[in-house]
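Here are some worked exercises to try with the model open in your viewer. Have a go at each task before you read its solution.

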Amino acid sequence: MTRLTGKQVTVAGAGALGLVIALTLARRGAQVTVCDPAAPGDNASGVAAGMLAPVFEAALDPAAAGHLDLFRAARDGWTDFAPVALNRTGALWRGPDAAGMEARLDALGARWRRTPEGPFTDEDWRLDPGAAMTVLFAQAARAGVRFETRAVEVRDVGPLVVATGAGGQGLAPELDHLTPIKGHILRVAGGPASGPVLRGAGVYLCPDPAAAVLGATMEFGRFDLRVEADQVAALKHLGESLWPGISGLRARAETGVRVGTPDGLPLVGPSRRDGVLLAVGARRNGWLLAPLVAQVIAAYFAGDDPGRWAARLDPRRFDNKDTDA
Ligand SMILES: Cc1cc2nc3c(=O)[nH]c(=O)nc-3n(C[C@H](O)[C@H](O)[C@H](O)COP(=O)(O)OP(=O)(O)OC[C@H]3O[C@@H](n4cnc5c(N)ncnc54)[C@H](O)[C@@H]3O)c2cc1C
């Protein structure tokens, strides 16, 4: 692994991807500046549920079906970011057709077991995004990363890592491949305080003693942050299948905008724009994928072999293809 001592780089964006990339590059000796015009956590990463869920994401999201191996490797990368606390209480299917889900988990090669409540996997973990960001900011600052409260603009020159989530327009031509996906999520007081994440059809519930997290809508093509009563009501209705009575509990609604690519995997690697590396488009798995994305970015930046996952994530894979799919 080539040291990056003395190499300077700007990271645009202080979400999950930008922070983990900045820390990874700084640990290898690079002089890193992170620029973001927003307050810490005022982004999709700050709104997210924080599931690190290779198994149920591969089982439930058609865009993720073929990527359990990559997702597992990404999750395992989190063990390098202590003291970010990892909750390993697993996840339980509480949706319809438990037998069908068991067959799907078998087909994927997931590790799971049958319980009276439904199929359970200990492969899916969780972190608390707010707490994780606090740790990542502190660790990055300790590793010498500098933070600037400003947007990176098109006239800024590289070396630049674009980790701008749903922003960053104009910083690289490949950003045109991204589609916004708005999500509503609810923090529910009085829901389950502990235990595994409960998964159902189009809904999940993450226990938490402060407020359980009920998520999340997938509203394709939407990038506004307005809280909408009908989306909140639909989410509560779905939540009843996981925790009867939850729709009557006090809930605070939040929204965030993820961005996705035509094949569901992020764009990670060199842009056609000189001096620019891309780390965008992590769809509903930005927290899960962040450590793996950071490893690939660090390898490209160092001129090392970017490794076995790089081809699947290569931003050039959509060149000359219809991106409307
Ligand atoms: C409701 C919801 C639930 C989710 N749950 C999960 C989950 O359980 N597990 C999981 O893994 N993922 C989850 N996600 C997805 C995850 O939140 C995203 O994939 C992830 O946050 C993307 O991180 P990011 O760093 O790419 O983008 P962001 O977190 O959006 O950060 C991008 C940052 O770039 C900044 N920026 C924009 N333009 C510029 C510019 N020109 N210059 C500098 N900075 C700029 C923005 O201000 C922002 O702070 C969820 C998302 C939502 C909305």
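**Exercise 1. Find the loop that holds Arg-283, and decide whether the residue is buried or exposed.**

Solution. This is a predicted model, so we work from its coordinates.
Step 1: Arg-283 sits in the loop that connects strand S17 (276–280) with H8.
Step 2: look at the backbone there; Arg-283 is not a glycine, yet its phi is positive, about 55 degrees.
Step 3: count neighbours. Arg-283 has 22 C-beta neighbours inside 10 Å, and the cut-off for buried is 20 or more, so Arg-283 counts as buried.

**Exercise 2. Do the same for Asp-97: is it buried or exposed?**

Solution. Step 1: Asp-97 belongs to the loop between S4 and helix H5 (98–108).
Step 2: its phi is positive, about 55 degrees, although Asp-97 is not a glycine.
Step 3: 11 other C-beta atoms lie within 10 Å of Asp-97; the limit for exposed is 12 or fewer, so Asp-97 is exposed.

**Exercise 3. Locate the cis peptide bond from Ala-82 to Pro-83 and the one from Gly-215 to Ala-216, and give omega for each.**

Solution. Step 1: from Ala-82 to Pro-83, omega is near 10 degrees. Pro-83 is in the loop between helix H4 (68–77) and strand S4 (91–93).
Step 2: from Gly-215 to Ala-216, omega is near -25 degrees. Ala-216 is part of the loop joining strand S13 (212–215) and strand S14 (219–220).

**Exercise 4. Describe the largest nonpolar core: which residues touch the most other members?**

Solution. Step 1: the core has 103 residues, and those touching the most other members are Ile-21, Ala-22, Val-161, Val-162, Ala-279, Val-293 and Ile-297.
Step 2: helix H8 (residues 286–302) is the top contributor to this core, giving 11 residues.
Step 3: at least three core residues come from each of domain 1 (1–50 + 127–177 + 263–325) and domain 2 (179–260).
Step 4: zoom in on Ile-297. Leaving aside residues up to four places away in sequence, Ile-297 touches Ile-21, Val-161, Val-268, Leu-277 and Ala-279.

**Exercise 5. Work out where the ligand lies relative to domain 1 and domain 2.**

Solution. Step 1: there are 40 residues around the ligand, and Gly-13, Gly-15, Gly-165, Gly-167 and Gly-286 come nearest.
Step 2: the elements giving two or more residues to this shell are helix H1 (16–27), helix H2 (44–47), strand S10 (179–188), strand S15 (251–260) and H8.
Step 3: sort the shell by class to get 22 nonpolar, 15 polar and 3 charged residues.
Step 4: both domain 1 and domain 2 contribute residues to the shell, so the ligand lies between them.

**Exercise 6. Characterise the contact between domain 1 and domain 2.**

Solution. Step 1: the C-alpha centres of domain 1 and domain 2 are 27 Å apart.
Step 2: the contact involves 12 residues of domain 1 and 16 residues of domain 2.
Step 3: the side of domain 1 that touches domain 2 consists of 6 nonpolar, 4 polar and 2 charged residues.

**Exercise 7. Judge how compact the whole protein is.**

Solution. Step 1: take stock of the 9 helices and 17 strands.
Step 2: the radius of gyration is 19 Å, close to the 20 Å from the globule rule for 325 residues, so the protein is as compact as a globular protein of that length.
Step 3: add the extent of the C-alpha trace, about 55 × 40 × 40 Å along its principal axes.
Step 4: finish with burial, where 50% of the 325 residues are buried.

Notes:
Residues are numbered from 1 along each chain as its sequence is written. This is a predicted model: local features need pLDDT of at least 70, side-chain atom pairs count only at pLDDT 80 or more; totals for chains, interfaces and linings use all residues. A nonpolar core is a set of buried Ala, Val, Leu, Ile, Met, Phe, Trp, Tyr and Cys residues joined through C-beta atoms within 7 Å. Helices (H or I, at least four residues) and strands (E, at least two) are DSSP runs, numbered from the N terminus. Domain bounds come from an automatic or database domain assignment. Two residues are in contact if their C-beta atoms, placed from the backbone, lie within 7 Å. A residue is near a molecule or strand if its C-beta atom, placed from the backbone, lies within 6 Å of it. Ala, Val, Leu, Ile, Met, Phe, Trp, Tyr, Cys and Pro count as nonpolar, Asp, Glu, Lys and Arg as charged, and the others, Gly among them, as polar. The radius of gyration is taken over C-alpha atoms; the globule rule is 2.2 Å times the number of residues to the power 0.38.
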